[in-house]
Amino acid sequence: MAYEPTYQSPQFHGGDGMVTPSGSIESQQGRCTLDEPVTETIMRDLRSIGMKLKYVMLPRAREDKGQGLREWDLWGPLVLCLALGIMLSMHAEQASLAFGLVFIIVWVGSGIVTINALLLKGKISFFQSARGYCIFPLVIAAFCSLMLNVIWLKVIFVTIGFTWATGASVNFMSELLPEDRKALGVYPVWLFYVAIAWLILIS
Amino acid sequence: MALPPNWERYTTEDGKEYFHNAALNKTQWERPSCDEVPLASLNTSDVFTYKPSAADLEVPRSTAKSQELDDLFMGVAASEPTELVSLKEGPGDELSSSGRSTNSALPKASLPTLQGAGGGLGFAAGFAAGAAAASAASGGDGQGSAPTFSSWLLLLAQSLFDVSTDDVVRRLKLLVPYPAQDRSTAEELRTRPDFYGPFWVATTAVLFLAATGNFARLIESPHPSLFKADYSLVPLAASLVYGGLIAVPILARVSVFFTDEEVANIDFKKIICVCGYGLAPSIPVSILCIIPVGFLRWLFVLGGLALSLYFIKGNLLEDISVKVRWLQLTLIAAPVILQVLVFFIYRVRFFAGDRD
């Protein structure tokens with residue numbers, strides 16, 4: 001045909017690699033994001049990461065029951081995972097093995113926990129970044145335990161971090177599972193955080 | 001404001017907007033109103049707003065494609081209205097929507113065919129049911145472009161995880177011999193093996209074996225700050241446990257290949273299931289083995305091994321009735337050797353220098 005349409009897609013961002021459901025960007029509908037300055041793109045992503053972190057860290061601020069975590073992105077979890085890996089492998093004898101182990105446990109572990117929920121017929125979407133952000137308390141605990149060398153303080157910090165992270169994740173997960181299987185889906189989440197907490201404690 | 005399905009908005013060089021419908025091949029200047037939903041096109045909102053009842057399962061394939069998909073995929077979803085509500089949320093989650101459409105997939109009627117099919121690694125019945133369902137999905141429309149293999153796989157995997165918390169707890173209780181054995185659960189384990197138990201018992205075992213090995217070293221080291229964690233215990237435990245769990249059915253399958261025994265006579269799922277649950281005693285044993293007394297550790301390990309073998313004998317070995325003698329021995333020996341190896345290697349390799 002003769003016309004050349006200028007393709008406009010209200011549902012997808014142009015240039016920043018993030019796919020967000022249309023419900024969350026009503027204010028940006030129709031705007032082409034390729035034209036905006038780079039700083040604005042970065043600031044928007046940073047703000048979004050900050051918002052999610054705040055969401056994870058402050059359970060009381062949660063009015064919308066897990067809605068805020070439905071938009072997914074993988075930058076935050078990647079940064080957290082790298083930070084954790086670096087911190088845990090810094091003083092280790094087998095540094096590369098330690099780092100690799102942290103990476104594998106975090107990413108493969110998250111994947112397996114998600115697949116497990118899917119197979120149990122939970123209503124979960126594969127790219128939930130929830131678990132990625134929920135390790136943030138444990139990352140803080142790892143940082144604190146790196147600074148201090150007193151073993152009892154380490155244990156306390158890790159326990160606090162573990163409880164916090166597990167609490168956030170377990171609530172989120174148990175809402176998505178059918179009634180008679182909640183424990184089956186929640187147990188792997190608990191195991192996942194135990195594994196990470198253990199890694200922090202023995203480093 | 002979202003456009004109705006199949007409508008796209010374009011702009012001319014002068015900046016005027018016009019709308020084009022790809023399905024009807026219609027172009028117009030006016031914005032289409034949202035109630036112009038064409039019947040012939042299939043889109044996600046059509047599928048998910050349909051609320052079937054059990055009677056609809058018997059309805060023969062009608063002309064509307066959405067009806068066809070719903071019969072197969074919503075199954076007895078009448079009892080799960082909440083699932084329908086949540087599915088409307090995320091238009092951006094392509095993967096999840098194709099996953100979820102197969103979530104409540106199999107109507108309950110066909111589940112027994114999957115689970116009752118003791119047939120070997122072929123999973124023949126599951127394949128047939130899953131392929132039928134999945135090919136109808138791809139016959140649907142763009143949404144069905146998610147590969148049929150993965151939807152078939154999802155259906156199959158879901159059937160293997162079709163247990164409730166109570167089921168798993170009861171199966172784990174089978175490991176403890178003292179109160180009388182729960183015959184009904186044992187029967188259930190035979191006819192409806194699950195993979196949730198074996199997989200998560202194995203994973204927990206890997207973590208606990210590696211963790212307790214390291215804790216034991218921590219306790220034994222002269223000073224906590226001198227302790228260097230041995231991370232290599234994790235890959236070791238993982239290869240031992242996961243490798244063994246995979247090797248046993250493969251070994252069984254290969255052995256069957258060399259005889260003319262019917263593959264369908266051997267239930268490989270059950271072998272994996274029982275071997276997996278049989279590893280469960282290693283978890284409490286590993287916790288107890290933190291105690292740094294050499295012979296006590298041997299005691300615990302042997303006790304755990306005994307529990308494990310007792311469980312396997314009760315649930316797996318009695319059913320093996322094959323004609324060829326050496327095959328029978330292999331099928332009996334393989335799970336036993338797995339358990340023995342796990343417990344022994346744990347005891348010997350994971351603890352460095354304990355006091356006797």
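1. A good place to start in this predicted model is a charged pair in chain B. B:Glu188 and B:Arg170 form a salt bridge, and their closest N and O atoms are 3.5 Å apart. The pair ties together distant parts of the chain: B:Glu188 belongs to helix α9 of chain B and B:Arg170 to helix α8 of chain B, with their positions 18 residues apart. B:Glu188 counts as buried because its relative accessible area is 18%, under the 20% cut-off. B:Arg170, at 30% relative accessibility, is partly exposed.

2. B:Glu188 has another partner to look at. A salt bridge also joins B:Arg192 to B:Glu188, with the closest N and O atoms 3.1 Å apart. B:Arg192 is partly exposed, at 22% relative accessibility. If you zoom out a little, you will find a network of salt bridges linking B:Asp167, B:Arg170, B:Arg171, B:Glu188, B:Arg192 and B:Asp194. As background, side chains of opposite charge can pair when their charged atoms come close. Over all chains, the count comes to 13 salt bridges.

3. Helix α9 of chain B, residues 183–191, is worth a closer look in its own right. Its buried residues are B:Thr185, B:Ala186, B:Glu188, B:Leu189 and B:Arg190. Which helices help to cover the buried residues of α9(B)? Among them are α8 (165–173), α12 (268–278) and α14 (294–315) of chain B. Helix α8 is thus part of that cover, and it also holds B:Arg170, the salt-bridge partner of B:Glu188.

4. Now for the sheet. Chain B has 15 helices and three strands. Three strands of chain B form an open, antiparallel sheet in the order β1-β2-β3. The edges are taken by β1 (7–11) and β3 (26–28), each with a single partner strand, so each has one side without a neighbour in the sheet. From one strand to the next, the twist averages 25°. In general terms, strands of a sheet pair through backbone hydrogen bonds, either parallel or antiparallel.

5. The strand pairings can be followed residue by residue. Five bridges join β1(B) and β2(B) in the antiparallel sense; here B:Trp7 stands opposite B:Asn21, and B:Glu8 has B:His20 as its bridge partner. On the other side, β2 (residues 17–21) pairs with β3(B), also antiparallel, over three bridges. In that pairing B:Phe19 stands opposite B:Gln28, while B:Asn21 is matched with B:Lys26. B:Asn21 therefore has a partner in each pairing: B:Trp7 in β1(B) and B:Lys26 in β3(B).

6. How covered are these strands? In β1(B), four of the five residues are buried, so this strand is largely enclosed by the rest of the structure. β2(B) is mostly covered too, with four of its five residues buried.

7. The turns between the strands deserve a glance. The hairpin of β1(B) and β2(B) has five residues between the strands, and B:Gly15 there takes a positive phi near 95°. The hairpin of β2(B) and β3(B) has four residues between its strands. In its turn, B:Asn25 has a positive phi of about 55° although this residue is not a glycine. Is B:Asn25 buried or exposed? B:Asn25 is exposed, because its relative accessible area of 62% is over the 50% cut-off.

8. Some totals help to place chain B as a whole. Of its 356 residues, 49% count as buried. The chain exposes about 17000 Å², of which carbon and sulfur atoms supply 66%. Among contacts with a separation of 6 or more, 68% come from residues 24 or more positions apart.

9. Please do not overlook chain A. A nonpolar surface patch of about 820 Å² is made by A:Val150, A:Ile151, A:Trp152, A:Leu153, A:Val155, A:Ile156, A:Phe157, A:Ile160 and A:Trp164. A:Val150 sits in the loop between α5 (136–147) and α6 (151–175) of chain A and is partly exposed, with a relative accessible area of 45%.

10. Two more spots in chain A round off the note. A:Ser145, in helix α5, is buried at a relative accessible area of 5%. Beyond its neighbours within four places in sequence, A:Ser145 is in contact with A:Lys154 and A:Ile200. A:Asp180 and A:Arg181 form a salt bridge with the closest N and O atoms 3.8 Å apart. A:Asp180 is partly exposed, with a relative accessible area of 41%, whereas A:Arg181 counts as buried at 7%.

Key
Residues are numbered from 1 along each chain as its sequence is written. Chains are lettered from A and ligands numbered from 1 in the order in which they are written. This is a predicted model: local features need pLDDT of at least 70, side-chain atom pairs count only at pLDDT 80 or more; totals for chains, interfaces and linings use all residues. Side-chain values use heavy atoms; hydrogens and water are left out. Patches are made of residues with over 30% relative accessible area and no salt bridge: like charges are joined within 9 Å, nonpolar side chains (Val, Leu, Ile, Met, Phe, Trp, Tyr) within 5 Å. Accessible areas come from the Shrake-Rupley method with a 1.4 Å probe; for residues, only the protein chains shown count as cover. A salt bridge is a side-chain nitrogen of Lys or Arg within 4 Å of a carboxyl oxygen of Asp or Glu. Buried means under 20% relative accessible area, exposed over 50%, partly exposed in between (1.4 Å probe, protein chains only). Two strands pair if DSSP finds at least two bridges between them. Axes are lines fitted to C-alpha atoms, for helices over the stretch in contact, and angles run from 0 to 180 degrees between N-to-C directions. Contact means heavy atoms within 4.5 Å.
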